[in-house]
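This report describes the empty spaces and the cysteines of one protein chain. The sequence and the structure are shown below.

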Amino acid sequence: MQLTRLITSKIRAPALLTRHIFFCVVALLFFCLSALALRLNTTHTHYVGNNYFPTNIIQVSTASLLIYLGFYLQYHASHPLNRRVKEMFFFLGSMALMIFGTNAIQYTPFLPIDHQILRWSEWMHVDFSHMMAWSHAHPTLYHIMEWIYNSLTYQLTYLPLILIVLGRFERLHEYYFLLLFTALIGFSFYYFFPTTAPASVINSPYFTEAQHATELKFQQIHRHIQPSTREGGMIALPSFHVIWAWLCVWLVRDWWWVFSPLLLLNISMVISCVLLGWHYILDVIASIVILMIAHGVQNYIRNTSLHILKNNPELR
C-alpha cells in the first residue's frame, strides 16, 4: 500500500505541482541573475548604492519564523491558521526577492537610453511639457492623479494580505509567478538598457524633487558616490506602475464589486503615469507587451497541467 501511494504521488506531481515548479525556476533564475549583477559590481564596477531592504527586515523575518513555528507546534500542518501563516512566508519571500533584484540592477554599467525614447516620443508627436503644463493648470485634478498614482503601494501591500486571510492560496501563487516573471523581464531589460525617466531629458519646471531624484541616484551611483536619497523611482521602461496596477486588478477579478472600481482606478493610474511626467508612452506600451507575454506563459503552464490530468484520468 505504501509503495502504491508513493508511485501515485510521483505521478500526480507533474499535474499538481507544475505551477510550483515553474515558479521555483523563475524565482531561482531571478535570484541567480541578481546575484550575478551584484557579483559583477563587486569585482568590476565597484559602485555604491542604496539598500532597499527595510531596516527591520531581520526582526520581522525572525518574528514571522517564530510565529510559524509556534502555530506548527500547536496545530497540525494543514490547519487553516498554519496555512495562512505559511502563506505569509510566500508573500514576504516574494517581496524580499524583488527587493534583492532592485538592489542588484541599480549597478547597471550601461548608459541610459532616455534620449532615444524621447526622440521616439517626438516622432509620435507626444509633447510632455505641454501635458505637464496642462496637468498643473488643473490643480484639483493634479492632486487626484497624485493620490491615484501613490495608491499602488497600498494595493500591493493589502490586497495579498486580504487574500491570505480569505485562503485564496492558488490565486496568490499565480500572482507571485506573474510578479516575478514580469520582474525577470523588466529588470533584465533595465540592466542592459537603463532609463532615468522623463525628468532627466525634458526641461520643465513642473517636475518634482522626487522625479529628479531618479536621475540623481543614477548619476551618483555611476560616479561612485553614495546616493543622497532613496526617493523617486528607478525603472522607467517598462513601467512597473502599469504592470503592478494590472496585477492588482487581476488578483481580484472574481469579485466584480471590487474588480470594477479598482479597474477604473488603475486605468486612471496608467494615464496619471504619463500626465504627471513619471513615464513615457513607450513605457506603458512595453509594460502591456510584458504582461501579454507573462499571461501567455501562465496559460501555457495551466494548459500543461490540464493536459496531464486529461491524459491520466486516474489522477483526477
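Which helices each supply at least two residues of the lining of the second largest pocket? In this predicted model, they are helix 2 (18-45), helix 4 and helix 9.

## Second largest pocket

The second largest pocket holds about 220 Å³ of space. Its lining comprises 13 residues, and those closest to the centre are Leu-33, Ser-34, Ala-37, Ser-188 and Tyr-191.

Helix 2 provides the largest share of this lining, with 6 residues. Classified by residue type, the lining of the second largest pocket contains 11 nonpolar and 2 polar residues, and no charged residues.

## Largest pocket

The volume of the largest pocket is about 1600 Å³. It is lined by 43 residues, of which Ile-99, Thr-102, Thr-153, Leu-156 and Trp-244 are the closest to its centre.

Several helices each supply at least two residues of the lining of this pocket: helix 3 (57-74), helix 4 (80-105), helix 7 (139-150), helix 8 (152-166), helix 9 (169-192), helix 10 (209-221) and helix 11 (240-251). The greatest contribution to the lining of the largest pocket, 9 residues, is that of helix 4. Helix 4 and helix 9 also each supply at least two residues of the lining of the second largest pocket. By class, the lining of the largest pocket consists of 25 nonpolar, 15 polar and 3 charged residues.

## Enclosed cavity

Searching the whole structure yields 1 cavity of 30 Å³ or more. The largest cavity contains about 70 Å³ of space.

The residues lining the largest cavity are Tyr-52, Gln-106, Tyr-190, Thr-195, Thr-214, Lys-217, Phe-218, Ile-221, Gly-233 and Met-234. Helix 10 gives the most to this lining, with 4 residues. The lining of the largest cavity divides into 5 nonpolar residues, 4 polar residues and 1 charged residue.

## Cysteines

The count of disulfides in the model is 0. Why does Cys-24 form no bond with Cys-32? The closest cysteine sulfur to that of Cys-24 belongs to Cys-32 and lies 12 Å away, which is too far for a bond, because a disulfide requires a pair of cysteine sulfur atoms within 2.5 Å. Cys-32 is likewise in no disulfide, with the sulfur of Cys-24 as the nearest cysteine sulfur.

Are these cysteines buried or exposed? Cys-24 has a relative accessible area of 48% and is therefore partly exposed, since this class lies between the limits of 20% and 50%. Cys-32, at 40% relative accessibility, also counts as partly exposed.

Notes: Residues are numbered from 1 along each chain as its sequence is written. This is a predicted model: local features need pLDDT of at least 70, side-chain atom pairs count only at pLDDT 80 or more; totals for chains, interfaces and linings use all residues. Side-chain values use heavy atoms; hydrogens and water are left out. On a 1 Å grid over the protein atoms alone, a cavity is a set of points where a 1.4 Å probe fits but cannot get out, and a pocket is an open set with protein on both sides within 12 Å along at least five of seven lines; lining residues have an atom within 4 Å of a point. Grid points are joined across faces, edges and corners, and a volume is the space filled by probe spheres set on the points. Ala, Val, Leu, Ile, Met, Phe, Trp, Tyr, Cys and Pro count as nonpolar, Asp, Glu, Lys and Arg as charged, and the others, Gly among them, as polar. Buried means under 20% relative accessible area, exposed over 50%, partly exposed in between (1.4 Å probe, protein chains only).
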